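Colleague: I've just opened this one and could use a quick tour. Mind if I ask a few things?
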Amino acid sequence: MSKTPARRTLLCPRCDTPMEASVSAKSMPCPGCHRNIRSEDETVTDYQARVEYYNEGRVEVAKKGIIIAEVRVRALVVKGEVKGPVRARQSVHLEKTGKLTGDVSTPLLAVQEGAVLVGRVDAGPRRADARPAEAPLDATPRAR
Amino acid sequence: MPPLPPGGSETVLGSDVTFKGEVIYESAMRIEGKFDGKITSKGRLAIGKGAHVSGEVSVGNVSIEGGFKGNVVSSEKVELANTAQMQGDIRAPKLVVAEGATLVGNVVISPDALKGQGAAEREQILSGQSPQVRR
């Protein structure tokens, strides 16, 4: 008997099109805008300056990591530095060594004492453009 | 919240109190009811779970567990509990936000947060007088 792979529902960070994908998928094309979506959890340990930093996975910016970009992720943990607007569908954790300069939109924000935060914050339930019909992002077994 | 200084006392606005106006105090204050106005102190302020506060706040330390609408300038630290519903701007050297808190507004949290206000305004804050918060 073959095992049923666990599936999860993702939303495209660019066009918000929902799609189903295996939990082990690292990237996939969006059926709406046909652009590639990364969904792999990442740890940023170096300097990354880009126009956009989109990932439907969990992104951790390590103490020495720096991201300068428009950031759209599922969950963000900042121990280093982020410059640019941040939209996280699930959560933003700003640790005591973290620096975040830019507007933040997320349903769940946690800030530790010592963190630096400058920008407009929109944090709380139903933030980060969460849509009412949004499917849970956790892995769910696929019914056949 | 740091403990009260020796000889310091806490002023409590109970849950059945509705207050409109300006309050200036030295050491500590806890609000459990409704407050609308201006609070100025170099001490600490605690806004309880069932409290609703709106207005301008310039204090040393502030801890928010209930609802708050307005601007906060703190010379030390702002703490938002997971039950906090904060709408307004925050300017402080330190901020602690618990998971689940609601925060909507412009935030400037850095060791230099109060430097941008100019020396005169900073002096006002530290001496317990309330300047206007810049937007």
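Colleague: How many residues does the contact take from chain B and from chain A?

Modeller: Bear in mind this is a predicted model, where local features need pLDDT of at least 70, side-chain atom pairs count only at pLDDT 80 or more, and totals for chains, interfaces and linings use all residues. Residues are numbered from 1 along each chain as its sequence is written, and chains are lettered from A and ligands numbered from 1 in the order in which they are written. Two residues are in contact if their C-beta atoms, placed from the backbone, lie within 7 Å. On that basis, the contact takes 17 residues from chain B and 17 from chain A.

Colleague: Which strand of chain B gives the most to the side that touches chain A?

Modeller: Strands here are DSSP runs of E, at least two residues, numbered from the N terminus. Strand 10 (94-97) and strand 11 (102-109) of chain B each supply at least two residues of that side. With 8 residues, the one giving the most is strand 11 of chain B.

Colleague: Which residue of chain B does A:Leu117 stand opposite?

Modeller: Two strands pair if DSSP finds at least two bridges between them. Strand 13 (residues 116-123) of chain A runs antiparallel to strand 11 of chain B, joined by 7 bridges. Opposite A:Leu117, in strand 11 of chain B, is B:Ile109.

Colleague: And within chain A, what is the bridge partner of A:Arg58 in strand 7?

Modeller: Strand 6 (residues 47-61) and strand 7 (residues 66-78) of chain A run parallel, with 11 bridges joining them. In strand 7, the partner of A:Arg58 is A:Ala75.

Key:
Helix = DSSP H or I, 4+ residues; strand = E, 2+ residues; numbered from the N terminus.
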